[in-house]
Amino acid sequence: MKQLEIASLIAGLCCGGLATAQIDKNELLGQINVPTTAVPFLIISPDSRAGGMGDAGVASTPDANSIHWNAAKMGFLKKKMGLSVSYTPWLRALVPDINIAYLSAYRKIKKAGVFAGSLRYFSLGNITFTDIAGNEIGQFNPNEFAIDGAYATKLGDNFSMGGAMRFIYSNLTGGQAAGGNTTKAGTAFAVDISAYYHNTKVEVGGKKSTFMAGLNISNIGSKISYTNIADSKDFIPINLRLGAGLDMNIDDFNTVGFLFEINKLMVPTPPVYEKDANGNPVPGPNGTYLIAAGKDPDRGIVSGMFGSFSDAPAGFEEELREYNLSGGLEYWYDKQFAVRAGYFYEHETKGNRKYFTVGIGLRYNVFGLDMAYLIPTVQKHPLQNTLRFTLQFDLDAFKDQDKNGGGDQPTN
C-alpha cells in the first residue's frame, strides 16, 4: 500500500500543473478545491504541547519549540538555555516506519537577544521500487528535512520581533525515473518573519492575567523542483498564522490559558479551466489551458503570496473557506502538571480536517514531558490513534538545581 501512495506522490510531483483538479465553474462553492504545495511536512505541528491545544501555538507562552510557531516569542523566554526533542509517529494505523522527529534548542544572550536552531526530519519508511512488469529495481528510504536558524529580540517591555532562515531538503525518489522523467532531490531556502505581544499587567475578573498576541509568516522562499524540467516547480507551504492568548492566574496554584488562532496558506488556489464539449480542458497558448475563473497558478513567489487573498475562483466566499481555525486551553496546577484540550477546523472543500486534541504536561526539575492525542471527527487523520511525545530540558537547571532545590517551574 505504501508503494502505491509514494508512487502516486512522485507522479504528481513530476506532472506539475497538469495534475491540477478540474471543477465546473457553475458548481464552484460545492466542489473540493484545495491549495496544495510541496513539502507539507513543514507545517505539521512538531511538538506535543501545541499538539494538545488544537495545533495552536503562534500566541502561546514561549518555550523551546517557539522557533516553529513564532520565533519572536523567544524574546520573552526567562531561561538562558533550553532544549526540546519531539517524536511523532505518522500513519501508524497503516505502516510502522513513518515518523517525524524534531530537535530544537535556544541560547539567550544578555542584551543581544535569543539565538535558536532546529532540525526537523521526516522519514517515510522503506519502499520498494518496481518496473512496469513488477520486477524489483531497488529499495529506498524517502526522507525530508529542514534545518533552521532563528533570532529574536525584545523591542520594548511588551513587544518582540523574530525571524528564521531555513534550508529544506526533500528526497522522495532516490533518483528513480518516474513518468519518463529523471527525478532528483528537491531543495529550497525560506525565511520566517514574526512578531509577538506579551503583557503581564492585565486583569480579568479581578485575576492577574497575561495577554498575548502573535503573527508569523513562515516559509517565505523559493519554489522546489524534483525534476530537471524548467517549468516543473512547486510552491512550498508559505503560511500565515495570527492568534491571541490569555493566561489567568486563578490563585497561587492554578492557572488557565486560552488560545485562538487563524492560519492560511499563502499560495495560489487552483483555477477553473474552460472545457470543451467532451469535458476536456481547452488548450491555450504556450502549452497552458484557458482559465474560466480564478488566476493562473504559475506565478512568482511574491505574486503568489499576495494574490492568494483574492484568487479563489468563486470569489470572496471561497476565500473565507481557506482560513483554518484552531483553539485550545491549558490548565496548570502548581506549574508542574498540565491538562490540555483543543479543536481544529478546516472547511469541507479545503481539506476537511476537523479534530479534537487532548494532552498532558509534566514539569520536574531539569526536564518536562508533554504528550498529545488527536481525535478526528469527520474523516481519518494520519495521527489518529497515535500518542505524540516531547521532552523539554531546562539546561539552566543543570547548573543551579542544588541551589534552587528543583524549583522555578515550568521549564518554559
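**Strand pairing, an internal cavity and salt bridges in a predicted model**

Strands β1 (residues 81-89) and β2 (residues 99-109) run antiparallel and are joined by 9 bridges. The structure described here is a predicted model. Within the pairing of β1 and β2, proline 89 has asparagine 99 of β2 as its bridge partner. Strand β2 also pairs with strand β3 (residues 113-123), again in the antiparallel sense, over 11 bridges. In this second pairing, alanine 101 stands opposite tyrosine 121 in β3. The two strands β2 and β3 form a hairpin with 3 residues between them. Lysine 111, in the turn of this hairpin, has a positive phi of about 65 degrees.

A further set of pairings involves strands β10, β11 and β12. Strand β10 (residues 186-204) is joined to β11 by 12 bridges, and the two strands run antiparallel. Alanine 190 has glycine 221 in β11 as its bridge partner. Only 2 residues lie between β10 and β11, which form a hairpin; glycine 205 in the turn has a positive phi of about 60 degrees. On the pairing with β12 (residues 239-249), β11 contributes to 10 bridges, also in an antiparallel arrangement. Here asparagine 216 is matched with arginine 241 of β12 as bridge partner.Cavities were then considered. A search of the whole structure finds 5 cavities of 30 Å³ or more, and the largest cavity holds about 100 Å³ of space. The lining of the largest cavity includes Leu42, Ile43, His68, Tyr102 and Arg120. Asp148, Arg166, Asp192, Ser218 and Asn219 are also among the lining residues, as are Asn216 and Arg241, the two residues that are bridge partners between β11 and β12. Strand β11 (residues 207-221) provides the largest share of this lining, with 3 residues. By residue class, the lining divides into 3 nonpolar, 4 polar and 5 charged residues.

Salt bridges were examined next. Side chains of opposite charge can pair when their charged atoms come close. In the whole structure, 18 salt bridges are found. One of them is formed by the side chains of aspartate 55 and arginine 388, at 4.0 Å from N to O. This pair links distant parts of the chain, 333 residues apart: aspartate 55 is in the loop between α2 and α3 (66-69), and arginine 388 is in strand β20 (residues 387-394). Aspartate 55 is buried because its relative accessible area of 11% is under 20%. Arginine 388 has a relative accessible area of 2% and is therefore buried.

Strand β20 takes part in another such link. Lysine 79 and aspartate 394 form a salt bridge in which the closest N and O atoms are 3.5 Å apart. The two residues are 315 residues apart and connect distant parts of the chain, with lysine 79 in the loop between α3 and β1 and aspartate 394 in strand β20. Lysine 79 counts as buried at 7% relative accessibility, and aspartate 394 is buried with a relative accessible area of 3%.

A salt bridge of 3.9 Å, N to O, is present between the side chains of aspartate 298 and lysine 223. Aspartate 298 lies in the loop between β15 (291-293) and α4 (301-307), and lysine 223 lies in the loop between β11 and β12, so the pair ties together parts that are 75 residues apart in sequence. Aspartate 298 counts as exposed, because its relative accessibility is 58% and exposed means over 50%. In addition, a network of salt bridges links Arg49, Asp63, Glu330, Arg340, Arg363 and Asp370.

Several loop residues were also characterised. Asparagine 33 is found in the loop between α1 (2-15) and α2 (48-51). The side chain of asparagine 33 is joined to that of glutamate 318 by a polar contact of 3.0 Å. With a relative accessibility of 2%, asparagine 33 counts as buried.

Two residues have a positive phi although neither is a glycine: lysine 335, at about 55 degrees, and asparagine 352, at about 60 degrees. Lysine 335 lies in the loop between β16 (324-333) and β17 (337-345), whereas asparagine 352 is found in the loop between β17 and β18 (354-364). Lysine 335 counts as partly exposed at 47% relative accessibility. Asparagine 352, at 13% relative accessibility, counts as buried.

Terms used:
Residues are numbered from 1 along each chain as its sequence is written. This is a predicted model: local features need pLDDT of at least 70, side-chain atom pairs count only at pLDDT 80 or more; totals for chains, interfaces and linings use all residues. Side-chain values use heavy atoms; hydrogens and water are left out. Helices (H or I, at least four residues) and strands (E, at least two) are DSSP runs, numbered from the N terminus. Buried means under 20% relative accessible area, exposed over 50%, partly exposed in between (1.4 Å probe, protein chains only). A polar contact is a pair of N or O atoms within 3.5 Å; within protein, one must be able to donate a hydrogen and the other to accept it, and residues adjacent in sequence count only if both atoms are side-chain atoms. On a 1 Å grid over the protein atoms alone, a cavity is a set of points where a 1.4 Å probe fits but cannot get out, and a pocket is an open set with protein on both sides within 12 Å along at least five of seven lines; lining residues have an atom within 4 Å of a point. Grid points are joined across faces, edges and corners, and a volume is the space filled by probe spheres set on the points. Ala, Val, Leu, Ile, Met, Phe, Trp, Tyr, Cys and Pro count as nonpolar, Asp, Glu, Lys and Arg as charged, and the others, Gly among them, as polar. Two strands pair if DSSP finds at least two bridges between them.
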